Amino acid sequence: MDFGLVLQTDPPASAVVGLMRRAERNGFRYGWTFDSAVLWQEPFVIYSRILEHTERLVVGPMVTNPGTRTWEVTASTFATLNDMYGNRTVCGIGRGDSAMRVAGRKPNTLARLGEAIDVIRDLGEGRSADVGGQTLRLPWVREGKLPVWMAAYGPKALALAGQKADGFILQLADPYLTEWMVKAVRDAAADAGRDPAAVKICVAAPAYVGDDLAHAREQCRWFGGMVGNHVADLVAKYGEHSSMVPEALTEYIKAREGYDYSHHGRTGNPDTAFVPDEIVDRFCLVGPVEAHIERLRELRDLGVDQFALYAMHDAREGVIDAYGTHVVPAFA
């Protein structure tokens with residue numbers, strides 16, 4: 001199992017670079033960041049610095065979307081970084097939650113997302129692609145490699161990930177839901193004539209190492225609110241008790257009353273008080289190191305290839321070091 005670190009690109013950018021270097025020293029292979037141009041600094045500028053100051057780390061957004069940048073610009077940016085630093089990027093992509101909504105626009109449709117996945121990958125790897133009726137190619141790309149990993153929760157999005165994406169990003173660490181969603185992705189891949197095992201599986205969630213569970217839960221409760229935004233979309237689309245979506249995912253948002261993106265991804269987010277301790281324990285990894293290893297072994301046995309930990313809390317240096325000392329070696 002590989003390990004990744006997920007950060008917001010809060011200023012100063014030097015702190016983000018420093019934490020990514022720390023992660024690499026601790027055996028992490030991936031460095032991910034949020035991508036929401038209004039809320040945080042531009043990640044692709046920071047990726048260049050991260051790549052310059054690391055040797056092996058693969059970097060990318062968790063996640064970008066097809067709406068805030070034109071597809072040829074997204075592909076060209078990835079391809080430029082790959083040309084400079086040797087194919088060390090990954091394109092995490094989704095419909096766009098905070099990036100689109102903060103700018104007053106709706107998240108992209110799945111149809112648009114599916115088209116963007118093909119175009120961005122083709123252009124980023126030097127092939128021609130149709131962009132709005134115009135055939136484009138980046139003529140300077142040589143031996144480029146750009147895997148595209150898609151974030152998803154709902155049945156149609158999971159099917160799209162299986163049909164088109166190189167990897168699937170699931171932003172929660174609940175084993176029951178992981179098993180259900182991984183099966184949906186791999187079944188869709190098989191139905192599309194693809195090798196299901198070739199689709200990489202990344203579970204992303206906050207991790208907090210320590211014995212004070214009450215404090216750890218408060219540091220990670222924001223995550224249930226962030227996931228709740230996507231769950232609310234699913235409930236609106238499929239209904240509250242639909243057989244298409246497990247109630248283990250949808251039940252907890254009944255008390256959700258709204259969401260202010262100015263607190264998005266922040267510890268102490270007042271809009272996440274509705275998230276119960278049970279959801280924090282299911283969706284996140286909290287507790288002593290042994291509890292983290294036990295959960296991760298369960299996820300690995302379900303087919304998870306990478307665990308990417310969110311470190312938006314008061315002990316992010318500590319959790320990176322604890323993982324490097326105890327957790328990463330257990331999966332070497």
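1. In this predicted model, A322 has 14% relative accessibility and therefore counts as buried. A322 belongs to helix α13. Apart from neighbours up to four places away in sequence, A322 is in contact with V209 and V327. By contrast with those contacts, a distance of 35 Å separates the C-alpha atom of A322 from that of G258, the two residues being 64 apart along the chain.

2. Helix α13 also takes part in a helix pair. Its partner is helix α12: the axes of α12 (residues 289-301) and α13 (residues 316-330) come within 10 Å of each other and cross at roughly 25°. Because angles under 35 degrees count as roughly parallel, α12 is described as roughly parallel to α13. The crossing of α12 over α13 is right-handed. On the α12 side, the contact is formed by V289, H292, I293, L296 and R297, and on the α13 side by Y323, H326, V327 and A330. Sorted by class, the residues of this contact are 6 nonpolar, 2 polar and 1 charged. V327 thus appears both in the contact with α12 and among the residues that A322 touches.

3. H292 merits a separate comment. H292 is placed in helix α12, and its relative accessibility of 0% is the reason it counts as buried. The side chain of H292 reaches the backbone oxygen of Y208 at a distance of 3.1 Å. With neighbours within four places in sequence left aside, the residues in contact with H292 are A207, Y208, V209, L285, V286, G287 and Y323. Y208 is therefore listed both as a contact of H292 and as the residue whose backbone oxygen the H292 side chain reaches, a separation that is within 3.5 Å. V209, in turn, is a contact of H292 and also a contact of A322.

4. A second helix pair is formed by α5 and α6. The axes of helix α5 (residues 110-124) and helix α6 (residues 155-164) come within 11 Å, with a crossing angle of roughly 20°. This angle makes α5 roughly parallel to α6. As α5 passes α6, the crossing is right-handed. From α5, the residues L110, L113, G114, I117, D118 and R121 meet K156, A157, L160 and K164 of α6. The division by class for this contact is 5 nonpolar, 1 polar and 4 charged residues.

5. The loop between β6 (134-136) and β7 (148-151) holds V141. V141 counts as buried because its relative accessibility is 11%. Leaving out neighbours within four places in sequence, V141 is in contact with A79, L123, G124, E125 and G126. The C-alpha atoms of V141 and R127 are 8.7 Å apart, and the two residues are separated by 14 residues along the chain.

6. The loop between β6 and β7 also contains E143. At 77% relative accessibility, E143 counts as exposed, whereas V141 of that loop counts as buried at 11%. The backbone of E143 should be inspected: its phi is positive, at about 55°, although E143 is not a glycine.

7. A positive phi is likewise found at N87, a residue other than glycine, where the value is near 50°. N87 sits in the loop between α3 and β4 (91-93). With 32% relative accessibility, N87 counts as partly exposed.

8. Two cis peptide bonds should be noted. One runs from P11 to P12, with omega near 0°; P12 is located in the loop between β1 (2-7) and α1 (13-25). The other runs from M62 to V63, again with omega near 0°. V63 is in the loop between β3 (58-61) and α3 (71-85).

9. The final point concerns R217, which lies in helix α8 (residues 213-220). R217 counts as buried because its relative accessibility is 18%, and buried means under 20%. Not counting residues up to four places away in sequence, R217 touches D277, V280 and D281.

Note on methods: Residues are numbered from 1 along each chain as its sequence is written. This is a predicted model: local features need pLDDT of at least 70, side-chain atom pairs count only at pLDDT 80 or more; totals for chains, interfaces and linings use all residues. Side-chain values use heavy atoms; hydrogens and water are left out. Axes are lines fitted to C-alpha atoms, for helices over the stretch in contact, and angles run from 0 to 180 degrees between N-to-C directions. Helices (H or I, at least four residues) and strands (E, at least two) are DSSP runs, numbered from the N terminus. Angles under 35 degrees count as roughly parallel, over 145 as roughly antiparallel, 65 to 115 as roughly perpendicular and the rest as oblique. A crossing is left-handed if the near helix is turned anticlockwise from the far one by less than a right angle, and right-handed if clockwise. Contact means heavy atoms within 4.5 Å. Ala, Val, Leu, Ile, Met, Phe, Trp, Tyr, Cys and Pro count as nonpolar, Asp, Glu, Lys and Arg as charged, and the others, Gly among them, as polar. Buried means under 20% relative accessible area, exposed over 50%, partly exposed in between (1.4 Å probe, protein chains only). A polar contact is a pair of N or O atoms within 3.5 Å; within protein, one must be able to donate a hydrogen and the other to accept it, and residues adjacent in sequence count only if both atoms are side-chain atoms.
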